[in-house]
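Visitor: I should like a close look at the side-chain contacts of this model, with attention to charged pairs and aromatic rings. Please describe the partners and their surroundings in one connected account.

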Amino acid sequence: MGSPAVGSVGDPAGRPAARLVATDLDGTLLRDDKSVSERTVAALAAAERAGIEVFFVTGRPARWMDVVSAHVHGHGLAICANGAAVVDLHAGGTFQQVRPLPRPAALDVVRTLRAAAPGTSFAVEMTTGIHYEPLYPPFFLDPGATVATAEKLLYEEVPDAAAPVLKLLAQHPELDPDVFLATAREAAGHLASFTRSSPTALIEISALGVSKASTLALCCEQRGISPDEVVAFGDMPNDIEMLSWAGRSYAMGNAHPDVVAAASGRTVGNNDDGVAVVIEQLVAEAVAAQRAGDLP
């Protein structure tokens, strides 16, 4: 799709006014230092005052949402783990909805990827925490994690064996990230949903049909909000379905090329408060429309 000018909000298609903003976090709402700028905090609050709901939609697990928990308003909900969970940030990140990856499917994915991309290592993200294989890179090692083969973590009697699996993470030490994702989808795309949000060869695996977009669609349906009333922001391939689904969508200035192609617009980069730039314009539109409606 073509992209209008950076930061452009105007909607020549005449779709309804924005009722909900759906924004990714890392590389999108957050700056590279993982902070939320004062400008962005103010824009989020202004959106809520203008009657525009805000949903954080991220690949992060619930336990990593403290970075934005103080800035969620109204409903208090966030979509985590690429759509596998809806959590209540007002209630400390408690799970409101879970869309788990069935363990038999997860085991089939592990076996298939081991054959298709030898050298792949896995981590298993559950509602209770994350567990790793011995060779999985120690990105964010949890001191409470079990270290064992993915087969053992998913099948045998280990801590959290009964907990729902939110997603698998698969890492390869040598493959190009996009090549690894394409390889995984070709080999096991019939078993689960595959995406990525890391600049490294790290892919994220959810149940079939589970994505940021599909869970966001469910949340919007519950609120009577149509896709045309949603404005979405993202920067990486795990945002593509959401950006394609929303009536208006913005790729960040730092976005992956495939994200730029999927979005209907483009804003400036995350370090330049690209989400806030657009939200400020959405709020101005909402205020102007309200004032026009108040005229005799």
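Guide: A residue is called buried under 20% relative accessible area, exposed over 50%, and partly exposed in between. The model is predicted. With these cut-offs, Asp-26 is partly exposed because its relative accessibility is 24%. Its salt-bridge partner is Lys-34, and the closest N and O atoms of the two residues are 2.8 Å apart. Lys-34 has a relative accessible area of 39%, so this residue is likewise classed as partly exposed.

This pair belongs to a set of 15 salt bridges found in a search of the whole structure. Side chains of opposite charge can pair when their charged atoms come close. A further case is the salt bridge between Glu-204 and Lys-167, with an N to O distance of 2.9 Å. This contact links distant parts of the chain, since Glu-204 lies in strand β10 (residues 202–206) and Lys-167 in strand β8 (residues 165–171), 37 residues apart. Both partners, Glu-204 and Lys-167, are buried.

Lys-212 and Asp-239 also form a salt bridge, their closest N and O atoms being 2.5 Å apart. Here too distant parts of the chain are linked: Lys-212 belongs to helix α6 (residues 212–223), whereas Asp-239 sits in the loop between β11 (230–234) and α7 (240–245), 27 residues away. Lys-212 is buried, at 1% relative accessible area, and Asp-239 is buried as well, at 0%. Through shared partners, salt bridges join Asp-24, Lys-212 and Asp-239 into one network.

The aromatic contacts can be taken next. A pair of aromatic rings is described by the distance of the centres and the angle of the planes. The count comes to two aromatic pairs. In one of them, the rings of Tyr-132 and Tyr-136 have centres 5.5 Å apart and planes at 40 degrees, so the pair is tilted. Tyr-132 is buried with a relative accessible area of 4%, and Tyr-136 is buried with 6%.

Phe-233 and Tyr-250 form a stacked aromatic pair, 5.6 Å from centre to centre with 25 degrees between the planes. This pair links distant parts of the chain, Phe-233 being in strand β11 and Tyr-250 in strand β12 (residues 248–251), 17 residues apart. Phe-233 counts as buried at 0% relative accessibility, and Tyr-250 counts as buried at 4%.

Methods
Residues numbered from 1 in each chain as written. Predicted model: local features only at pLDDT ≥ 70, side-chain atom pairs only at ≥ 80, totals over all residues. Heavy atoms only, no water. Salt bridge = Lys/Arg side-chain N within 4 Å of Asp/Glu carboxyl O. Buried < 20%, exposed > 50% of the residue type's maximum accessible area, 1.4 Å probe, protein only. Helix = DSSP H or I, 4+ residues; strand = E, 2+ residues; numbered from the N terminus. Phe/Tyr/Trp six-rings, centres within 6.5 Å; stacked < 30°, edge-to-face > 60°.
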